[in-house]
Amino acid sequence: RPHCPGSAVWAAAQRAMEAEPADGQAPGSKGGEALVSFFTKLPAKYQVQEESVVVPANLARYGLSEIINRLLSLDKPVPFDFLVDGEFLRTDLFGYLEARKLSSEKVLRLEYVLALSEPEEDQVDEVPDWISSIVALGPLPSRWFAVSSFDGSLRVYEDGAPRLTSRLADVSITALHALPAGGVADDSLVAAAGKDGGARAIRIRQGASPAVGPVSTVRSSEHFQGLQTVALDEKADLVAGAGWDQDILVWNAGPSLFGAVDGDADGASKRKAAGGGAESEEPKIVLKGHSQVVTSLMFGTSSRFPFTLISGSWDCGVRVWDTAAASCVCNWPVARAVTSFSMSHHNAQLATSHEDGHVSLWDIRAPPHPSVQGALCLDSSAGLPLNSAQSPHRRLASQVQWSPLDANRLASCGHDGCLCVLDVRSPKMPLQRMRLGKPGPVPTKQLCLAWLGSEEIAVGGSDGKVLRVRLGTSKMPQE
């Protein structure tokens, strides 16, 4: 039998209801009662007995968290969050039942998890121009990351401290992509997109004496407008760039494009693009189809989406290209101009950010690949149905990126000055939104981000500041 008024759980719920924000309504003014049960995947000592209890229906996550704290007899309150059927509860219980046309007699099984704690923000550096791109160096969690800016420089950081600055070009660098160098533990291969239409390639050595190799440049003699995005395939055999010319250019890369590091950190940091490396041949492939600037590129991995290149554009489309046949095999309309996209590392899902502040999550529906076990075949039969969409930003959303270490978590940044932590289980609002940069009515545009670990993000903006944000979760009391 469920607990009735007069029980210890009901008493805890009543006290929680009195403390629960109720949007100006008096406690108990709506909703009556709801039938719930609590469970968790936390250690056994933080579990409560899973049984049906009656609680006031106008309780939301704050009041429910108070109930769990009282049932666990915690001296120091710990904030909890709650999931119902795999989705975070973002209304009161009454609102949840009403929205889904459920009877108040239905038992809602509420899973409680530790809530995100207040994020910690540290300034890593301030450079003289806008930050255009940030990439982690090496596998996550990573102590190293690289930052490009519109002054044409590449800067490398370790544990939040500047370690190296290299001038890549006399023009703005707009985007970076990095891969670990195979066979060399402390080396990374980095591609950079330039405003002059050229793609740069460079090898970075991390470690006690950071250094960079010579800068190689590839460009097309028929495309002169700036690149906005760049991508390397998983073996760094191909490099792709695209931007304001609307065409996607694909060049051969390989070891010859990423010159060896000579170990002279001082000389490498001063080496200019014009004097340090080679300038390569015309692109191997030119892919035509987009009608607006191309803002994002990504090669599919051989284990998931073999022989594919994915692109997003301001023409409100995401396209999939067969790199072997040099043809477009999918053209998915997404209704809004795409400023960036990110693929989930765990599921067949795609996230897109848009000029109106929206972030959309899409499910990739495709048949199995005929020759690669476990992979999907992105062909004309593949679809991209919308999973969810929300508007975490009040202005243009600059970038969205899926966490490589968490199947549920994403981050986005935008021209409203905010960094947002998103979760697929919270489809209508972000888990956290934090304003970065200067206060006031005119926000600092946050332009790019990169995950450095499961709870750490590097962010860069129009103020030239490189920030490191630590998320963290609430901690249980130590015994």
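Begin the tour by selecting strand β33, residues 456-461, together with its partner β34: the two run antiparallel and are joined by five bridges. While these strands are on screen, keep in mind that this is a predicted model, so every stop below describes what the prediction places there.

**Stop 1: the hairpin and its other neighbour**

With β33 and β34 still selected, look at the turn that links them, where three residues lie between the strands of the hairpin and glycine 464 has a positive phi of about 75°. To see how the two strands are set against each other, pick glutamate 456, which stands opposite arginine 470 in β34. Then add residues 120-126, which make up strand β6; this strand also runs antiparallel to β34, residues 465-470, and six bridges join the two. Within this second pairing, glutamine 123 is the residue to pick, since its position is opposite leucine 467 in β34.

**Stop 2: the whole protein and its confidence**

Now zoom out and show the whole protein, in which there are five helices and 34 strands. Of its 479 residues, 55% count as buried. If you display contacts between residues at least 6 apart in sequence, 56% of them join residues at least 24 apart.

Colouring by pLDDT is a useful next step: the average for the protein is 90, and 89% of the residues score at least 70. Two stretches deserve a cautious eye. Select residues 22-29, where pLDDT stays under 50 and where the model has six contacts beyond four places in sequence. Then select residues 264-276, where pLDDT again stays under 50, although for this stretch the model has 25 contacts beyond four places in sequence.

**Stop 3: a pocket beside helix α2**

For the next view, select Phe80, Asp81, Leu114, Ala115 and Leu116, which lie nearest the centre of the second largest pocket, among the 26 residues that line it. The elements giving two or more residues to this lining are α2 (61-71), β3 (80-84) and β5 (107-114), and the largest share, five residues, comes from α2. The pocket has a volume of about 500 Å³, and its lining divides into 11 nonpolar, six polar and nine charged residues.

Stay with helix α2 and pick asparagine 69, which has its place there. Is asparagine 69 buried or exposed? With a relative accessible area of 7%, asparagine 69 counts as buried, because that value is under the 20% cut-off. Leaving aside residues up to four places away in sequence, asparagine 69 touches Leu74, Lys76, Pro77, Val78 and Phe80, and Phe80 is also one of the residues nearest the centre of the pocket. If you draw a C-alpha to C-alpha distance from asparagine 69 to tyrosine 46, you should find 9.6 Å between two residues that are 23 apart in sequence.

**Stop 4: strand β17 and a cavity**

Move on to strand β17, residues 238-243, and pick glycine 241 within it. Glycine 241 is buried, with a relative accessible area of 0%. Which residues does glycine 241 touch, not counting those up to four places away in sequence? They are Leu227, Thr229, Val230, Asp247, Ile248, Leu249, Trp251 and Leu297. A C-alpha to C-alpha line from glycine 241 to valine 294 spans 9.0 Å, while the two are 53 residues apart in sequence.

Keep Leu227, Asp247 and Leu249 selected, since they are also among the residues lining the second largest cavity, and add the others: Gly197, His223, Gln225, Gly226, Ala242, Gly243 and Asp245. The volume of this cavity is about 40 Å³, and its lining is made up of three nonpolar, five polar and two charged residues.

**Stop 5: the largest cavity**

How many cavities of 30 Å³ or more does a search of the whole structure find? The search finds two, and for the last stop turn to the largest, which holds about 60 Å³ of space. To outline it, select Val359, Leu361, Ser388, Gln390, Leu410, Leu422, Asp423, Val424, Ser426 and Pro427. Three elements give two or more residues to this lining, namely β26 (359-363), β27 (386-390) and β30 (418-423). Coloured by residue type, the lining shows six nonpolar residues, three polar ones and one charged.

Terms used
Residues are numbered from 1 along each chain as its sequence is written. This is a predicted model: local features need pLDDT of at least 70, side-chain atom pairs count only at pLDDT 80 or more; totals for chains, interfaces and linings use all residues. Side-chain values use heavy atoms; hydrogens and water are left out. pLDDT is the predictor's confidence in each residue, from 0 to 100. Contact means heavy atoms within 4.5 Å. On a 1 Å grid over the protein atoms alone, a cavity is a set of points where a 1.4 Å probe fits but cannot get out, and a pocket is an open set with protein on both sides within 12 Å along at least five of seven lines; lining residues have an atom within 4 Å of a point. Grid points are joined across faces, edges and corners, and a volume is the space filled by probe spheres set on the points. Helices (H or I, at least four residues) and strands (E, at least two) are DSSP runs, numbered from the N terminus. Ala, Val, Leu, Ile, Met, Phe, Trp, Tyr, Cys and Pro count as nonpolar, Asp, Glu, Lys and Arg as charged, and the others, Gly among them, as polar. Two strands pair if DSSP finds at least two bridges between them. Buried means under 20% relative accessible area, exposed over 50%, partly exposed in between (1.4 Å probe, protein chains only).
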